[in-house]
Structure formats: structure tokens, C-alpha cells
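User: Please take a close look at how the inside of this model is packed. I would like one connected account that I can follow with the structure open.

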Amino acid sequence: MLTEFDDIVQEIRNWIENYLDIPSEHYGGHKPCPFAKPAWHKGKVHVVFGMREEVEWQLAQWNDSYELVIVVYDANDWNAESYTEERNKQVVKKDLYLMSFDPDEDGPDDESLDPQSWGELTEEVYGMVFIQRLDNLQRYAEILKSQGYYDNLSPDFNNYVKRRELANAWTKEDQR
């Protein structure tokens, strides 16, 4: 059971500012996510705690008040990866997209992702489900693609990006 809400929110902020906004060799000299810090500072990121029911509530209540909603969950009680993959088949029709960030037993692909260096505050094991507009996600991905961001990333990650891109294209076709 997650009990350290304030610490986890601060830890997410530390991760955004001290890892996602710092150029990394793993990302070809690019920041892992150059859009996270500006969104955080504009108050466009909302962090809540919950499980599947909270994700569903956030989807049902989506109103574009935020660019990103992060649902933090206890990774000892749930692994969201298969849920988000399956649920995306429905939510893409509403121009929404879910991404799960589950703790990886093998450790991160990026060796510079050392929790001590970016400001880990808690020993809690938690995962996150990110909810955002698919159109925005794709627009940001196109910017990154034009800068060579994906060139050095793993085939698995690039396949994931391609599947997301196809889901967006199919959604656009359905809306015509």
C-alpha cells in the first residue's frame, strides 16, 4: 500500500527535472522527455493515486484541464502493462492514450537512470499509468523523430512507437 503521497509526487518532480530534462547519451544526446518539465511547471500535470478503477475514472472525466494525468499505483498489487495495451484499443477512439511505466526487474535500459542521481526519495515500489491526448503525443513524437531522437533506441521501443502511430492513423480514418 502506497503511503508516501507527498514523497512520491516530489520524487516524480525530481525525475522530471533531474532525469527527463537532462540530455542523455542513451537518447542520442537528447533529453529523455523534453516536454515533461514545461508541462509540470505550467501546472498541466496531475498526479493521483489509484488502480484500474482510478484510471477508468480519469478516462471518463477527461476534460483537457491537464495535458497529462499520472495515476500512481502500488506495483506489488498490479502490473498495468497488459491492461493499458488492451484498453488503448478503445480509448484511442476518444483521442486518448495510456502508457504504463512498470518497475523493471532487469533495471533501466538507460544506465544514466540512477535513482540516486535524480533524487529518489522513497523505497516504495510503484508504477504509473500516463493518460494523455493521442494527438498531442503523436505531435511530440513527430518533433522528436525529426531530430533523430529514435535513432539509437531499441527495436522494441521503436515498434511500440510505430504501433502507437498506427493506432492514431486508424483513429483518424474512423473519424472521417
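Analyst: A useful place to begin is phenylalanine 101, which is partly exposed, with a relative accessible area of 37%. The model is predicted, and phenylalanine 101 takes part in ring pairing there. The structure holds eleven aromatic pairs. In one of them, the ring of phenylalanine 101 faces that of tryptophan 15, with 5.2 Å from centre to centre and 50° between the planes, a tilted arrangement. This pair joins distant parts of the chain: tryptophan 15 sits in helix H1 (residues 5-20) and phenylalanine 101 in strand S3 (residues 96-101), with their positions 86 residues apart. Tryptophan 15 is buried, since its relative accessible area is 9% and the cut-off for buried is under 20%.

Another pair has a different geometry. The ring centres of tyrosine 150 and phenylalanine 157 lie 6.2 Å apart, and because their planes meet at 25°, the pair is stacked. Tyrosine 150 is buried, at 9% relative accessibility, while phenylalanine 157 is partly exposed at 34%. Both belong to a cluster linked by ring pairs, which also takes in Tyr27, Tyr149 and Tyr160.

Tryptophan 15 leads from the rings to the nonpolar interior. The largest nonpolar core has 33 residues, and those touching the most other members are Ile12, Trp15, Ile70, Val72 and Met128. At least two residues of this core come from each of H1, helix H2 (36-41), strand S1 (45-49), strand S2 (68-74), S3, strand S4 (126-133), helix H6 (134-146) and helix H7 (155-175). H1 gives the most, with six residues. Isoleucine 12 shows what such a position touches: apart from neighbours within four places in sequence, isoleucine 12 contacts Trp40, Val47, Ile70, Val72, Tyr126 and Met128. There is also a second, separate core of 15 residues, with Val71, Tyr83, Val129 and Ile131 among its members.

The strands named above form a sheet. The sheet is open, has four strands in the order S1-S2-S4-S3, and its pairing is mixed. S1 and S3 are the edge strands; each has a single partner, so one side of each lacks a neighbour in the sheet. On average, neighbouring strands are turned by 20° against each other, direction ignored. S1 and S2 run parallel and are joined by five bridges. In one bridge, histidine 46 is partnered by valine 69 of S2. H1 packs on this sheet and touches S1, S2, S3 and S4, its direction making about 60° with that of S4.

The whole chain gives the setting for this packing. There are seven helices and four strands, and from the N terminus the elements follow the order α-α-β-α-β-α-β-α-β-α-α. Of the 176 residues, 44% count as buried. Among contacts between residues at least 6 apart in sequence, 70% join residues at least 24 apart; the pair of tryptophan 15 and phenylalanine 101 is one link between distant parts of the chain. On the outside, the chain exposes about 10,100 Å², of which carbon and sulfur atoms supply 48%.

How values were computed
Residues are numbered from 1 along each chain as its sequence is written. This is a predicted model: local features need pLDDT of at least 70, side-chain atom pairs count only at pLDDT 80 or more; totals for chains, interfaces and linings use all residues. Side-chain values use heavy atoms; hydrogens and water are left out. Rings of Phe, Tyr and Trp (its six-membered ring) pair if their centres lie within 6.5 Å; planes under 30 degrees apart count as stacked, over 60 as edge-to-face and the rest as tilted. Buried means under 20% relative accessible area, exposed over 50%, partly exposed in between (1.4 Å probe, protein chains only). A nonpolar core is a set of buried Ala, Val, Leu, Ile, Met, Phe, Trp, Tyr and Cys residues joined through side-chain atoms within 4.5 Å. Contact means heavy atoms within 4.5 Å. Two strands pair if DSSP finds at least two bridges between them. Axes are lines fitted to C-alpha atoms, for helices over the stretch in contact, and angles run from 0 to 180 degrees between N-to-C directions. Accessible areas come from the Shrake-Rupley method with a 1.4 Å probe; for residues, only the protein chains shown count as cover.
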